[in-house]
Amino acid sequence: MSQNRIECDLVVLGLGPGGEHTALLLAGKGLDVVAVDERLVGGECPYFGCVPSKMMIAAAQTVHQARRVADFGGSADVRPDWGPVAARIRDEATDDWDDQVAVDRLLAAGATFVRGRGTITAPREVTVNGTTYVARRGIVLNTGTSPSAPPIQGLAATPYWTNREVVKVTELPASLTVIGGGPIGCELAQVFATFGVQVTVVEVAERIIAVEEPEASDVLTKAFEAQGIEVLSGAKIERVDHGSAGFTVVLDGREVVSEQLLVAAGRRNNLAGIGLENVGLDPEARVLEPDERMRVADGVWAVGDITGKGAFTHVSMYQGDVVVRDVMGENGPWADYRAVARATFTSPEVGSVGLSEAAAREHGIDVRVATGDLGSRGWLAKEEGVVKLVSDRARGVLIGACVVGSTGGEVIGMLATAIHAEVPIATLAEMHFAYPTYYRAVQPVLRDLL
Ligand SMILES: Cc1cc2nc3c(=O)[nH]c(=O)nc-3n(C[C@H](O)[C@H](O)[C@H](O)COP(=O)(O)OP(=O)(O)OC[C@H]3O[C@@H](n4cnc5c(N)ncnc54)[C@H](O)[C@@H]3O)c2cc1C
């Protein structure tokens, strides 16, 4: 039993991007906020996810572009060096995996920070390190995810990397197998290949980035193959061994041997053992289904990956804004996921928003679809890419889009605006599109939809 009881307005349990954001905003509004994290304030994104991986990608893209100079005008002797990348991640991105700056930011906003593992012990009560925080308004859950590995025979006994280890790499291996060809696996595979590592991607689905449109997978697979990355899709992994030769991934009829192995094949929501049963929730839940105000039980809100609405930093923070409005008694706007934009930062980038064609058809929507290439700008830059738009035929509006190209993650912005604001396709198709931008490639595809 806890000896100490401390009253407050709100406990934020888990400080991923959404929890940290919520705690900062509500403390800034004068609420007595207790912010709890057992690891680092900010969660996966700044220390093990988005930020270090995008720092690697910035380096890889610069190396990649430098290598292309011969195609455009001149020559360069490009000798990639991982040293500056590792140093930047350690010093500029993560402060050597130290969150003091983030802790100070919380304290400056007026929050109380507690480092430790928190558990819900009763309605509106969270216990950490033997102290129970009694939250008058309630609890915000943002416990996020941990890397998880598929149940492959032998894998658990090997010293494989997950995202938590890969961001701390200081010396590159000669070869790397990546199990998992989703966005994270693809981004990291391409980074290492660009730095000269022999990379094989093993994906059990029939195509890499299978969550995106098939056209995106096709373009990316071709780009990977051109770069010397071996892509084994539809793979049946029988076993993983580790020995003096490194890692051996035994597939149906083939063995892939490499110095290192990265497993990027899924995440597990951190919901087990946090006391969900004490607020009437299923303790075995894999995901918490929130209402439009992010409420999951009386006096409990949930934000971030645990809500299953898109495992992205921007979704977590968006949901945090919704919680703040609800706690402060405002009238919305409440959560709406029609126009969740996302980007896979490969070369070329894959930017997407809303529903894929397949997802839209599964929803029973009468869809109309059109595709096109990158137009003049693609030709000028010698780039392959694709624009795919999915519309609701009856309403004459876009409901999904995917843009593959070096600026795919940026071009998708205008399409996210269109879906969010339900701008009629007929209106969009006749706006001005600057020549020769990448986003101009969207116009002929819009016209095809009319
Ligand atoms: C390699 C990689 C690259 C990524 N790149 C991108 C990207 O480019 N763009 C993007 O939008 N997203 C990206 N993501 C996803 C992004 O990192 C997550 O969606 C984001 O961190 C949001 O997670 P979250 O808010 O749910 O919580 P998390 O970031 O998972 O944080 C949860 C926090 O809760 C704490 N916690 C858990 N349980 C307890 C407990 N019981 N008590 C106390 N503390 C607890 C943990 O210590 C952790 O700090 C990437 C992820 C990875 C792994």
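1. A small backbone detail makes a good way in: Gly196 takes a positive phi of about 95°, just after helix α8. Do keep in mind as you read that this is a predicted model.

2. Helix α8 itself spans residues 183-194. Its twelve residues reach 17 Å from the first C-alpha to the last, close to the 16 Å expected at 1.5 Å a residue. Twelve of the twelve are buried, so α8 is largely enclosed by the rest of the structure. Among the buried residues are Glu187 and Gln190, along with Ile184, Leu188, Val191 and Phe192.

3. Next, have a look at the open sheet of five strands, ordered β18-β19-β22-β21-β20 with antiparallel pairing. Its edges are β18 (341-344) and β20 (367-372), each of which pairs on one side only. From one strand to the next, the twist averages 10°.

4. Within that sheet, β19 (residues 349-354) and β22 (residues 397-405) run antiparallel and are joined by six bridges. If you want a place to check the register, Ser352 has Cys402 of β22 as its bridge partner.

5. Which helices lie across this sheet? Helix α9 (residues 214-226) lies across β19, β20, β21 (386-392) and β22, while helix α13 (residues 408-421) lies across β18, β19 and β22. Their directions are worth viewing in turn: α9 runs at about 175° to β21, and α13 runs at about 10° to β19.

6. Glu357 deserves a moment of your time. This residue is found in helix α11 (residues 357-362). Is Glu357 buried or exposed? It is buried, because 21 other C-beta atoms lie within 10 Å, and the cut-off for buried is 20 or more. Leaving aside residues up to four places away in sequence, Glu357 touches Glu213, Val367, Val369, Val390 and Gly400. The C-alpha atoms of Glu357 and Arg368 are separated by 8.6 Å, and the two residues are eleven apart along the chain.

7. Finally, a helix pair: α1 (residues 17-28) packs with α10 (residues 313-327) at an angle of about 30°, their axes 7 Å apart. The crossing of α1 past α10 is right-handed. On the α1 side the contact is made by Pro17, Gly18, His21, Thr22, Leu25 and Leu26. The α10 side contributes residues including Gly320, Val323, Val324 and Val327. By class, the contact has seven nonpolar, seven polar and no charged residues.

Conventions. Residues are numbered from 1 along each chain as its sequence is written. This is a predicted model: local features need pLDDT of at least 70, side-chain atom pairs count only at pLDDT 80 or more; totals for chains, interfaces and linings use all residues. Two strands pair if DSSP finds at least two bridges between them. Helices (H or I, at least four residues) and strands (E, at least two) are DSSP runs, numbered from the N terminus. Axes are lines fitted to C-alpha atoms, for helices over the stretch in contact, and angles run from 0 to 180 degrees between N-to-C directions. Two residues are in contact if their C-beta atoms, placed from the backbone, lie within 7 Å. A crossing is left-handed if the near helix is turned anticlockwise from the far one by less than a right angle, and right-handed if clockwise. Ala, Val, Leu, Ile, Met, Phe, Trp, Tyr, Cys and Pro count as nonpolar, Asp, Glu, Lys and Arg as charged, and the others, Gly among them, as polar. The expected span of a helix is 1.5 Å times one less than its number of residues.
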